[in-house]
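Please look through the sequence and the model below before reading on. The paragraphs that follow go from the overall fold to the ligand site and then to single residues.

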Amino acid sequence: MLGGRVPILGDLPRLVFTKMVIKEAMRLYPPIWIIERRVLANDVVGGFHLPSGSAVVIAPYALHRHPAFWERPEEFDPARFANRAPPAYIPFGAGPRFCIGSEFAMLEAQLITAMVAQSFRLRLAPGHPWNRSPALLSAPATAYG
Ligand code: HEM
């Protein structure tokens, strides 16, 4: 698509596969993997009683791998984003608190991913342990934990 040159803003609409790869990466590894809400008043959702004041945790990580919404959920397959993502895909949240920076984040990710892929083929260093760190943000664990 780029013929080896650095991507610019105008290239973004044509970097379709790059965007699909990023979306699939955020499906399997959503940086915000849990979202919390506080129940304002007694409620019933899906047959569950939610007492006022209790915490409700929405887990993009679980939704993004739920077999009811995804075929071969554990498989990395960017092609699944050739079409519109199902409502169970919420890497940037949903509703009134939807991420204000989603467009900017996708813009940056597309440009950076394209530029890295132009110059490098990334692979895990042999024997390097790979793990995730389930803190507020899900990220690769570092040597420091
Ligand atoms: C890959 C990058 C990003 C991811 C995965 C992400 C994810 C999210 C998610 C899931 C929420 C909803 C939280 C909730 O419902 O409680 C959120 C909200 C928010 N994000 Fe992001 N975000 C990203 C990048 C950014 C950037 C670049 C900015 C700012 C430039 C930003 C600013 C915000 C703000 C201000 C909110 C709160 C919106 C509100 O409560 O009205 N985010 N983000």
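In what order do the elements of the protein chain run from the N terminus on? They run α-β-β-β-β-α-α-β-β, and the secondary structure comes to three helices and six strands, where helices (H or I, at least four residues) and strands (E, at least two) are DSSP runs, numbered from the N terminus. The model is a predicted one, in which local features need pLDDT of at least 70 and side-chain atom pairs count only at pLDDT 80 or more, whereas totals for chains, interfaces and linings use all residues. Residues are numbered from 1 along each chain as its sequence is written, and side-chain values use heavy atoms, with hydrogens and water left out.

Taken along the principal axes, the C-alpha atoms of the protein chain fill a box of roughly 60 × 40 × 30 Å. Of its 145 residues, 25% count as buried, a term that stands for under 20% relative accessible area, while exposed stands for over 50% and partly exposed for what lies in between (1.4 Å probe, protein chains only). Among the contacts in the protein chain with a separation of 6 or more, 60% come from residues 24 or more positions apart, contact meaning heavy atoms within 4.5 Å.

The ligand is a good place to turn to next. Its iron atom has Cys99 as the only protein donor, through SG at 2.2 Å; donors are N, O and S atoms within 2.8 Å of the metal (3.2 Å for Na, K and Ca), and water is not among the atoms, so sites may look incomplete. Cys99 is placed in the loop between helix H2 (60-63) and helix H3 (102-119). Around the ligand there are 14 residues, of which Ile35, Arg37, Arg97, Cys99 and Ile100 come nearest, a residue being counted as near a molecule or strand if one of its heavy atoms lies within 4 Å of it. Strand S1 (35-38) and H3 are the elements that give two or more residues to this shell. By class, the shell has 10 nonpolar, two polar and two charged residues, where Ala, Val, Leu, Ile, Met, Phe, Trp, Tyr, Cys and Pro count as nonpolar, Asp, Glu, Lys and Arg as charged, and the others, Gly among them, as polar. Two arginines reach oxygen atoms of the ligand with polar side-chain atoms: for Arg37 the distance is 2.7 Å, and for Arg97 it is 3.0 Å.

Helix H1 (residues 16-28) offers a check on geometry. Its 13 residues should span 18 Å at 1.5 Å a residue, and its end C-alpha atoms are 19 Å apart, which agrees; the expected span is 1.5 Å times one less than the number of residues. Thr18, Met20, Ile22, Glu24, Met26, Arg27 and Leu28 are buried in H1, and the buried residues of this helix pack against H2 and H3.

What does Gln110 of helix H3 touch, leaving aside its neighbours within four places in sequence? Gln110 is in contact with Leu12, Leu15, Thr18, Lys19 and Ile22, and Gln110 counts as buried because its relative accessibility is 4%. On the side of H2, Ala62 is found in that helix and is partly exposed, with a relative accessible area of 43%. The C-alpha atoms of Ala62 and Arg27 are separated by 9.7 Å, although these residues are 35 residues apart along the chain.

In the segment before H1 lies Asp11, which counts as buried at 4% relative accessibility. The side chain of Asp11 makes a polar contact with the side chain of Arg5 (2.9 Å); a polar contact is a pair of N or O atoms within 3.5 Å, and within protein one must be able to donate a hydrogen and the other to accept it, while residues adjacent in sequence count only if both atoms are side-chain atoms. Leaving aside its neighbours within four places in sequence, Asp11 is in contact with Leu2, Arg5 and Val6.

The loop between H2 and H3 also holds Glu75, which is partly exposed, with a relative accessible area of 40%. Leaving aside neighbours within four places in sequence, Glu75 is in contact with Glu24, Arg27, Leu28 and Arg80. Arg72 lies in the loop between H2 and H3 and has a positive phi of about 45° although it is not a glycine. Most residues other than glycine have a negative phi.
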